[in-house]
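User: I'm new to this structure, and I'd like a close look at one part of the picture. Could you walk me through the charged side-chain pairs, and then the cysteines?

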Amino acid sequence: MAPKPKWYGLIEFPYPSGAGLHVGHVRSYTALDIVSRKKRMEGFNVLYPIGWDAFGLPTENYAIKNKIHPRRATEQNVTTFKRQLTALGLSFDWSREINTTDPQYYKWTQWIFVQLFKNNLAYQAEMPINWCPNDKIGLANEEVVEGKCERCGTNVTKKKMKQWMLKITAYADRLIDDLATVDYPKKIKAQQINWIGRSEGVVLQFLVKGRGENIEVFTTRPDTLFGATYIVLAPEHPLVESITAHEQKQSVRQYQSQTAAKSDCERTELAKDKTGVVTGAFAVNPANGQEIPIWVADYVLSSYGTGAIMAVPAHDERDFDFAKKYALPIVRVISDTDTMENSAQFNGLPNHTARPRMIAWLVDQGSARVAVHYKLRDWVFSRQHYWGEPIPIVHCDKCGATPVPEDQLPVELPNVEHYEPTETGASPLAAMTAWVNISCPQCGGVAKRETDTMPNWAGSSWYFLRYTDPYNAAALADPEKLNYWMPVDLYNGGFEHTTLHVLYSRFWHKFLFDIGAVSHAEPYLRRRSHGIVLGPDGRKMSKSFGNVINPDDIIAQYGADTLRIYEMFMGPFEEMIAWDEHGVKGARKFLDRVWRLRERVVAEAIDDAELARVIHCTIKKVTEDIDAMKFNTAVAQLMICVNAFEKTERIPQQSFEDFLKVFSVFAPHLAEELWQMLGYTTSITQEPWPTWDAKMLQQDEVTIAVQVNGKLRGTLVVAAHASEDDVRDRVEADEKIAMHIGAKKIVKFVYVPGHIVSIVTTA
Ligand code: ANZ
Ligand code: ZN
């Protein structure tokens with residue numbers, strides 16, 4: 001027997017929160033369950049696994065609040081989730097269940113970190129990090145939403161701390177370019193590209209007047225150089241201190257400390273009132289030797305480009321606002337017809353001609369170099385919290401940061417008495433001196449363990465690899481198994497993970513590819529996203545709105561199949577949809593109708609062409625709709641099929657079986673029950689997926705509309721394959737239509753097969 005082809009379907013493994021399963025999880029998991037069940041029946045070797053993304057702040061916070069250990073809280077939450085998922089009849093391979101908090105799992109998360117460290121992609125840096133004063137935790141940029149902590153809503157401030165960083169920027173180009181090799185929705189690709197924000201421009205040198213130093217500015221608009229009327233340094237720029245004139249020192253320092261409290265988001269907001277302070281120093285414009293003032297202003301960020309800009313108020317909105325406020329000169333260098341002006345030898349040239357010539361001229365004279373900058377920043381990877389993977393590093397005065405030897409992994413999270421964050425911002429692990437003090441693995445001298453832990457994005461950056469070989473103690477997975485199962489054929493998850501989890505995991509996967517640990521450059525062949533399920537009131541489900549629907553209640557009242565069918569039928573899969581109790585009732589009624597059909601099933605074959613046509617149409621439509629992830633229209637077709645069954649007194653068993661097979665992937669419990677009632681002792685899941693016959697799809701007769709001079713004048717039932725001549729004969733023989741033609745002559749007769757006849761007559 002030929003080996004089965006593989007198919008790997010993946011859902012984003014859940015975070016086992018205290019709140020239990022959400023109906024949003026149900027939408028995503030049911031959809032991929034349907035695809036997985038169908039693929040199995042089509043003869044694929046299917047991997048549809050599940051596990052727990054169980055480290056992270058919510059569990060830690062829940063544990064602190066409820067005075068139980070996060071490990072216990074996680075166990076309880078997993079038990080609840082498991083019960084709920086099992087009730088839904090999801091066909092997960094439970095033998096591959098993984099848990100990111102299991103030391104045998106995070107051993108490999110730590111191993112990957114060590115490889116990153118050895119390849120200079122993990123490093124420590126003193127970083128002004130986003131700091132949530134409430135959660136007492138450093139936040140990645142992505143966790144700051146409009147200047148506020150994503151978790152608790154507190155205003156985020158800045159705090160300088162030594163952090164572990166991962167050099168995702170080293171992969172920026174490949175993370176953009178390789179998107180061309182995968183099937184993701186356009187919107188998701190665009191979001192990733194924007195997030196990485198590759199920007200091609202030039203770095204220009206502006207000499208500081210009276211000093212030997214240059215200020216470098218990054219600009220995407222070197223063509224506007226003659227219009228640069230001042231320079232702006234970010235308040236954190238290293239030159240601020242040395243160039244500021246004596247009499248300006250105090251106001252500059254004051255301004256710097258004001259800025260420290262603001263988030264990048266607040267600082268660069270277009271609408272915000274611009275502030276700044278003059279340094280008293282001047283810079284020389286390399287294009288015309290003009291001396292222009294140097295300012296410090298917080299609308300320039302230290303973390304982007306070179307942390308300094310040339311301001312061109314005539315052509316840049318932020319610079320314009322600033323120049324207006326501080327009465328700085330505004331010089332237009334590009335006219336309304338896009339030709340150059342106020343630009344010396346470039347005057348009169350079209351902008352697109354001047355631009356490359358200006359760059360060449362500046363590069364020639366040594367005041368410019370071409371540069372690419374990215375919005376993407378390196379990934380702040382450490383957290384000062386308990387409930388995460390310990391970072392497997394030992395600090396030695398002599399040897400510096402040294403990785404824990406691989407044969408000593410995992411570095412297990414010790415049991416601490418207090419896992420509350422400390423007021424100083426240090427991890428609770430820092431207080432465990434017995435654990436912290438250790439001898440250096442390299443020189444044997446006195447050393448200390450790293451006490452920071454990894455962010456909750458760590459375990460989810462490679463979990464899909466572990467499913468291929470979940471109990472392997474010698475490697476993150478057996479290379480042969482990885483090679484067989486990877487890449488993931490279909491990965492479904494939330495839109496909100498596009499720039500975080502999906503990007504992070506692509507980065508790790510590319511790194512693992514580079515060191516030969518995996519054999520593909522991209523982890524996911526096809527990515528799709530489901531729309532979120534809103535509360536009945538159209539708002540996001542939330543405890544505080546009291547609009548949360550608990551899947552347990554729906555299952556208890558209507559059954560798991562009802563919940564599955566309802567969530568698939570509620571609307572297009574990728575769209576946001578509000579919960580609707582009527583829809584749930586409708587789904588249950590539909591299942592009741594299917595249940596009653598069994599009374600009319602007869603063993604003998606019946607020659608019913610119309611019923612056969614509906615069955616074949618149903619198989620075709622459901623097959624194609626599942627492939628295209630149009631689950632709602634697939635359910636609609638199942639309903640059409642049930643209508644057709646209800647119209648006949650006797651349903652041939654063969655037809656009913658075909659229906660049950662395609663229906664079974666949506667409503668597995670009811671389908672299995674009916675299958676057994678037909679006398680089968682094996683499961684319907686073992687049946688091959690039914691096929692359709694294209695010849696059977698045609699309708700024998702069709703109803704067509706007849707228009708005379710643009711007005712509907714009647715309908716006719718004709719053979720589906722009738723020729724235009726046949727149809728014309730029928731039309732002319734029809735008394736009612738003939739009445740509308742009367743004595744006039746037909747000048748045009750158009751027949752659109754199966755749909756409409758359009759007749760134009762003489763006046
Ligand atoms: C002069 C200029 C003239 C600019 C003009 C724009 C328009 P993107 O495309 O996002 O890369 N810029 C550079 N570094 C900055 C920083 N650290 N903080 C804030 N703004 C910064 O944007 C590049 C442009 O953003 C650069 O080009 C610079 O302003 C500004 F008509 O230089 B431009
Ligand atoms: Zn040492």
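Analyst: Here is a walk through the salt bridges, followed by the cysteines.

A quick word on ground rules: this is a predicted model, where local features need pLDDT of at least 70, side-chain atom pairs count only at pLDDT 80 or more, and totals for chains, interfaces and linings use all residues. Residues are numbered from 1 along each chain as its sequence is written, chains are lettered from A and ligands numbered from 1 in the order in which they are written, and side-chain values use heavy atoms, with hydrogens and water left out.

Side chains of opposite charge can pair when their charged atoms come close. A salt bridge here is a side-chain nitrogen of Lys or Arg within 4 Å of a carboxyl oxygen of Asp or Glu, and the structure holds 40 of them.

Let's start with Arg198 and Asp173, whose side chains form a salt bridge at 2.4 Å, N to O. Arg198 sits in the loop between α6 (186-196) and β10 (199-208), while Asp173 belongs to helix α5 (residues 172-177), so this pair ties together parts that are 25 residues apart in sequence. (Helices, H or I with at least four residues, and strands, E with at least two, are DSSP runs numbered from the N terminus.) Arg198 is partly exposed at 31% relative accessibility, and Asp173 is partly exposed too, at 33%. For those words, buried means under 20% relative accessible area, exposed means over 50%, and partly exposed is in between, with a 1.4 Å probe and protein chains only.

Next come Arg369 and Glu216, which meet in a salt bridge at 2.9 Å, N to O. This one links distant parts of the chain: Arg369 is in strand β16 (residues 368-373) and Glu216 in strand β11 (residues 214-219), 153 residues apart. Arg369 comes out partly exposed at 40%, and Glu216 is partly exposed at 26%.

Then there's Asp537 with Arg539, a salt bridge at 3.2 Å, N to O. Asp537 is partly exposed at 39%, as is Arg539 at 41%. Elsewhere, salt bridges that share partners join Asp178, Arg506, Lys510 and Glu522 into one network.

Now the cysteines. There are zero disulfides in the structure, a disulfide being a pair of cysteine sulfur atoms within 2.5 Å. Take Cys152: the closest cysteine sulfur is in Cys132, 3.6 Å from its own, which is too far for a bond. Cys152 is partly exposed at 31% relative accessibility, whereas Cys396 is buried at 7%.
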